[in-house]
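Trainee: I would like to go through the labels on this model one by one. Please set each value against its cut-off.

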Amino acid sequence: SFAGVHDASMMGTSAQWSSARESVPLQLIKRAGKASVAVIWDEIEKVGTRRDNGSPLDALLPMLEPDQARRYRDLALEVEVDLSMVSHFATANSLDGVAAPVRDRMRVLTMPTPGWQHLSVLTKQIVDRVARERGIDPRWFQPLGEDEMDLIRSAWPGGSIRQLMRIVTSILDGRDKLLGKC
């Protein structure tokens, strides 16, 4: 997660420190045992702007540039490593906070804001997720009724999936309380 990151720890820490560790992509390569791993940098627009301990964006840019990634100097190992096979994905709620050099090095795909037309698919996925979280096979979980969907339509303005999840979970909790008394 880039939210709240104020230093360049993602590029690894120096071998000069007793707590030295490799860059995030190299750690994934070691764990997977394969050179072609994927890194998802979450909420990249929320990166800290302080530079006193290094900049996460300055650390990320060479990883995104194929020629530099092929000869990336890992601070912990003190040698060049090949990170050119690593795929980088980033999420952002808005492109406003994403630095131009990062946007220039990545392909930007804009996802549509969830709306009413997505409601039936989204609520089914949320109900299935809640069922699994509660240790219940989703096939045993009753689908939402039309009256429950009406409640969701009146409470959800669209857009926020987190808000939709809270609404659906509240309806399912209410359903459990009512059915538990029957």
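Trainee: Why is arginine 129 called partly exposed?

Mentor: Its relative accessibility is 41%. Buried means under 20%, and exposed means over 50%. Arginine 129 falls in between, so it counts as partly exposed. Keep in mind that this is a predicted model.

Trainee: How do you know that arginine 129 forms a salt bridge with glutamate 133?

Mentor: Their closest N and O atoms are 3.2 Å apart. The limit is 4 Å, from a side-chain nitrogen of Lys or Arg to a carboxyl oxygen of Asp or Glu. The pair therefore qualifies.

Trainee: What separates arginine 129 and glutamate 133 along helix H5?

Mentor: About one helical turn, because they are 4 residues apart in helix H5. Glutamate 133 has 57% relative accessibility. That is over 50%, so glutamate 133 is exposed.

Trainee: What makes lysine 124 and aspartate 128 a salt bridge?

Mentor: The N to O distance is 3.0 Å. The cut-off is 4 Å, so the pair counts. These two also sit 4 residues apart in helix H5, residues 119–133, again about one helical turn.

Trainee: Are lysine 124 and aspartate 128 buried or exposed?

Mentor: Lysine 124 is at 52%, over the 50% mark, so it is exposed. Aspartate 128 is at 18%, under 20%, so it is buried.

Trainee: How do you know that aspartate 137 and arginine 139 form a salt bridge?

Mentor: The closest N and O atoms are 2.6 Å apart, and the rule asks for within 4 Å. Arginine 139 reaches 73% relative accessibility and is exposed. Aspartate 137 has 28% and is partly exposed.

Trainee: How many salt bridges does the rule give?

Mentor: The count is 11. There is also a network of salt bridges, which links Glu146, Asp150 and Arg153.

Trainee: How many aromatic pairs are there? And why is the pair of tryptophan 116 and tryptophan 156 called edge-to-face?

Mentor: The structure holds 1 aromatic pair. The ring centres of tryptophan 116 and tryptophan 156 are 5.9 Å apart. Pairing needs centres within 6.5 Å, so they pair. The planes stand at 75°. Over 60 degrees counts as edge-to-face, so that is the label.

Trainee: Which parts does this aromatic pair tie together?

Mentor: Tryptophan 116 lies in the loop between H4 and H5. Tryptophan 156 lies in the loop between helix H6 (146–155) and H7. The pair therefore ties together parts that are 40 residues apart in sequence.

Trainee: What is the accessibility of tryptophan 116 and of tryptophan 156?

Mentor: Tryptophan 156 has 1%, under the 20% limit, so it is buried. Tryptophan 116 has 45%, between the two limits, so it is partly exposed.

Trainee: How do you know that E1 and E4 are paired?

Mentor: At least two bridges are needed. E1 and E4 are joined by 4, so they pair, and they run parallel. For alanine 38, the bridge partner in E4 is serine 87. E1 also has a covered face, Val39 and Trp41, and an uncovered one, Ala38 and Ile40.

Trainee: What is notable about the phi of glutamate 43 and of glutamate 78?

Mentor: Glutamate 43 has a positive phi of about 50° although it is not a glycine. It lies in the loop between strand E1 (38–41) and helix H2 (56–64). At 15% relative accessible area it is under 20%, so it is buried. Glutamate 78 has a positive phi too, about 60°, and is not a glycine either. Its loop runs between strand E2 (72–74) and strand E3 (79–81). At 39%, glutamate 78 is partly exposed.

Trainee: Which residues lie closest to the centre of the largest pocket?

Mentor: The largest pocket holds about 1,000 Å³ of space. Of its 28 lining residues, the closest to the centre are Ala90, Thr91, Ala92, Leu109 and Met111. By class, the lining has 14 nonpolar, 8 polar and 6 charged residues. Strand E4 (87–90), helix H4 (100–105) and helix H7 (161–181) each supply at least two of them.

Terms used
Residues are numbered from 1 along each chain as its sequence is written. This is a predicted model: local features need pLDDT of at least 70, side-chain atom pairs count only at pLDDT 80 or more; totals for chains, interfaces and linings use all residues. Side-chain values use heavy atoms; hydrogens and water are left out. On a 1 Å grid over the protein atoms alone, a cavity is a set of points where a 1.4 Å probe fits but cannot get out, and a pocket is an open set with protein on both sides within 12 Å along at least five of seven lines; lining residues have an atom within 4 Å of a point. Grid points are joined across faces, edges and corners, and a volume is the space filled by probe spheres set on the points. Ala, Val, Leu, Ile, Met, Phe, Trp, Tyr, Cys and Pro count as nonpolar, Asp, Glu, Lys and Arg as charged, and the others, Gly among them, as polar. Buried means under 20% relative accessible area, exposed over 50%, partly exposed in between (1.4 Å probe, protein chains only). Rings of Phe, Tyr and Trp (its six-membered ring) pair if their centres lie within 6.5 Å; planes under 30 degrees apart count as stacked, over 60 as edge-to-face and the rest as tilted.
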